[in-house]
Each structure stands twice: as C-alpha cells, then as structure tokens.
Amino acid sequence: PAEFIPIAEENNLILPLGQWVLNESCRQLRAWQKENPAAENMMISVNLSGKQFVQPDLVEQVASALAETGLSPKCLKLEITESYLMENSDLAVKTISRLRDLGLQLSLDDFGTGYSSLSYLHSLPVTYLKIDRSFVQRMTETKENSEIVETITRLAQNLKRKVIAEGVE
C-alpha cells in the first residue's frame with residue numbers, strides 16, 4: 001500500500017479505485033450475510049484516501065453503495081488517517097458528521113503517528129481510535145512503548161471512543 005496508493009493518487013486512479021473498493025466491500029459483506037445469518041452483524045472496514053474524503057459527493061457515494069447492496073450502515077466502518085483529518089479538521093468534522101448521520105462508524109486510523117491536535121480530537125465524531133501498529137508491535141521492547149499504548153487507550157476511553165490495536169498478529 002505504501003507504494004501502490006501514491007502511484008494510484010498520482011495517476012488519478014485513486015477515486016475510481018476507491019469507489020470500486022467501497023462498492024465491492026459492501027457487496028461482498030452483504031453476500032456473506034445472506035449465506036450465513038450468523039454474520040448479520042459482521043462489520044467491514046474500508047480505508048478512504050485523503051482524495052476520496054474531500055469529494056463533495058462522498059456521502060452520496062456511500063449512501064448509494066449501501067442502498068445498492070442492501071448492507072446495513074451499522075456494518076460499515078470507514079477509516080481515515082489521523083494526519084489527513086488534522087490537516088483538514090473543519091471539513092473533516094462536517095463530513096464525518098454527515099457520514100455518521102447515515103448510521104455508519106468511523107475510525108481515526110494510524111493514531112499516534114501524525115501530529116494530532118488534542119484540541120480537535122474531542123470534536124471529531126469518530127467512533128474508534130486505531131493505535132498504529134508501530135506502537136503495538138514494540139510494546140514488549142520497553143516499558144515506555146507499552147505506556148504509550150496504555151495512554152492512548154486511556155485517552156480513547158476518557159473520550160468515550162473505542163480502541164483498535166493494529167499489528168497484534
């Protein structure tokens with residue numbers, strides 16, 4: 001992804017590719033749910049690029065993908081990187097609020113790697129903070145690394161957010 005996504009962005013392929021990923025993810029999850037009723041509450045996470053996130057019709061695209069596939073909004077989680085949200089915080093709050101109004105959840109991806117402004121963090125209507133894998137994978141190396149993860153977890157809980165730790169594998 002570190003090589004592929006920048007190339008897709010440079011060649012203006014990221015928008016159609018991102019739309020395809022969103023549509024196909026919703027379609028596939030709904031197909032699995034139809035095959036197996038026990039999967040009815042299963043969720044799927046879809047990463048959005050910064051370019052996707054600023055599209056004026058993003059909310060309509062997401063609503064269309066949900067309507068066309070019959071997927072419940074509660075089963076879709078969109079992820080946007082922390083660094084992008086911090087650079088565009090006013091737009092981010094409006095867009096995230098509109099997406100949440102559809103009934104889906106949002107994650108602040110790669111939390112801890114960008115230059116977070118804690119003054120904006122409380123106003124971002126995200127459901128999840130995803131602790132970046134670089135912190136999680138180094139937790140056992142030193143007490144300091146472990147304490148970073150613990151601090152982010154505590155911060156998320158105090159802000160009434162859920163936490164996802166990437167890189168547990």
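**Helix packing around H4, and the aromatic side chains**

The axes of helix H2 (residues 14-35) and H4 come within 9 Å and cross at roughly 30 degrees, which makes H2 roughly parallel to H4, since angles under 35 degrees count as such. This is a predicted model, and in it H4 (residues 58-69) also packs with helix H6 (residues 89-101), at an angle of about 20 degrees and with the axes 10 Å apart. H4 and H6 are therefore roughly parallel to each other as well.

**H2 with H4**

- The crossing of these two helices, H2 and H4, is right-handed.
- On the H2 side the contact involves Gln19, Leu22, Asn23, Cys26, Arg27 and Arg30, which meet Gln61, Val62, Ala65, Leu66 and Thr69 in H4.
- Sorted by class, the residues of the contact between H2 and H4 comprise five nonpolar, four polar and two charged.

**H4 with H6**

- The crossing of H4 and H6 is right-handed, and the contact is made by Leu58, Val59, Glu60 and Val62 of H4 together with Thr95, Arg98 and Leu99 of H6.
- The residues of the contact of H4 with H6 divide by class into four nonpolar, one polar and two charged.
- Val62 of H4 is listed in the contact with H2 and also in the contact with H6.

**Aromatic side chains**

- A search of the whole structure for aromatic pairs finds zero of them.
- Tyr128 nevertheless has a charged neighbour, in that Lys77 lies over the face of its ring, at 4.2 Å from the ring centre.

Definitions and conventions
Residues numbered from 1 in each chain as written. Predicted model: local features only at pLDDT ≥ 70, side-chain atom pairs only at ≥ 80, totals over all residues. Heavy atoms only, no water. Axes fitted to C-alpha atoms, helices over the stretch in contact; angles between N-to-C directions. Helix = DSSP H or I, 4+ residues; strand = E, 2+ residues; numbered from the N terminus. Parallel < 35°, antiparallel > 145°, perpendicular 65-115°, else oblique. Left-handed = near helix turned anticlockwise from the far one by under 90°. Contact = heavy atoms within 4.5 Å. Nonpolar A, V, L, I, M, F, W, Y, C, P; charged D, E, K, R; others polar. Phe/Tyr/Trp six-rings, centres within 6.5 Å; stacked < 30°, edge-to-face > 60°. Lys NZ or Arg CZ within 6 Å of the ring centre and 35° of its normal.
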